[in-house]
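Trainee: Could you go through this one with me? I'll bring the questions, and you keep me honest.

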Amino acid sequence: LQMMQEKVTAEGKKEKELFDKFMCYCTTGSGDLTASISAAETKISQDTSSLETAEASKKQLDEELAAHKSDREEAKKALAEATALREKEAAV
């Protein structure tokens, strides 16, 4: 009977330790999760801002590219006209 009492007491101590660990996790886990959520929300806003900046930069670069292509075509036409004029002057 005394052995059963010791066994029950030991099981009770073990269960109390497990319960204390669980309660510690519950109290600290909530704080950890709250901090993690807060950090993630901050990162989301930073990433959104970074994405908007990148999109604006891409749009500006696309506009510059179109302008440069247009300038290049105009330069090719001017070069062709100048070449034709030189050939005409050389032929005269």
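Trainee: How does C26 count by relative accessibility?
Mentor: First, the small print: this is a predicted model, where local features need pLDDT of at least 70, side-chain atom pairs count only at pLDDT 80 or more, and totals for chains, interfaces and linings use all residues. Residues are numbered from 1 along each chain as its sequence is written, and side-chain values use heavy atoms, with hydrogens and water left out. By relative accessible area, buried is under 20%, exposed is over 50% and partly exposed is in between (1.4 Å probe, protein chains only). C26 comes in at 33%, so the label for C26 is partly exposed.

Trainee: Where is C26 found?
Mentor: The protein has 1 helix and 0 strands. These come from DSSP runs numbered from the N terminus, with helices being H or I of at least four residues and strands E of at least two. C26 belongs to helix α1.

Trainee: What separation do the C-alpha atoms of C26 and L1 have?
Mentor: Along the chain, C26 and L1 are 25 residues apart. Their C-alpha atoms are separated by 37 Å.

Trainee: Stepping back, what radius of gyration does the protein have?
Mentor: The C-alpha atoms fill a box of roughly 130 × 20 × 10 Å along the principal axes. The radius is taken over C-alpha atoms, and the globule rule is 2.2 Å times the number of residues to the power 0.38. A compact globule of 92 residues would sit near 12 Å, but this protein has 39 Å.

Trainee: What percentage of the residues in the protein is buried?
Mentor: Look at the surface too: the protein exposes about 8700 Å², with carbon and sulfur atoms supplying 61% of that. Such areas come from the Shrake-Rupley method with a 1.4 Å probe, and for residues only the protein chains shown count as cover. Of the 92 residues, the buried share is 1%.

Trainee: Which residues form the nonpolar patch on the surface?
Mentor: Patches take residues with over 30% relative accessible area and no salt bridge, joining like charges within 9 Å and nonpolar side chains (Val, Leu, Ile, Met, Phe, Trp, Tyr) within 5 Å. One member lies in helix α1 and is partly exposed at 48% relative accessibility. Together the patch has about 310 Å² of accessible area, and its members are F19, F22 and M23.

Trainee: How far apart are the mean positions of the positive and negative charges?
Mentor: Lys and Arg count as positive, Asp and Glu as negative, while His and the chain ends are not counted. Each charge is placed at NZ of Lys, CZ of Arg, CG of Asp or CD of Glu. For the 14 positive and 19 negative charges, the mean positions are apart by 4 Å.

Trainee: Which residue meets K16 in a salt bridge?
Mentor: Side chains of opposite charge can pair when their charged atoms come close. A salt bridge here is a side-chain nitrogen of Lys or Arg within 4 Å of a carboxyl oxygen of Asp or Glu. K16 is exposed at 53%, and its partner lies 4 residues apart, about one turn of helix α1 (residues 2-91). With 3.2 Å from N to O, that partner is D20.

Trainee: And how close are the N and O atoms of D62 and K58?
Mentor: D62 and K58 are 4 residues apart in helix α1, which means about one helical turn between them. D62 is partly exposed at 39%, whereas K58 counts as exposed at 52%. Their closest N and O atoms are apart by 2.9 Å.
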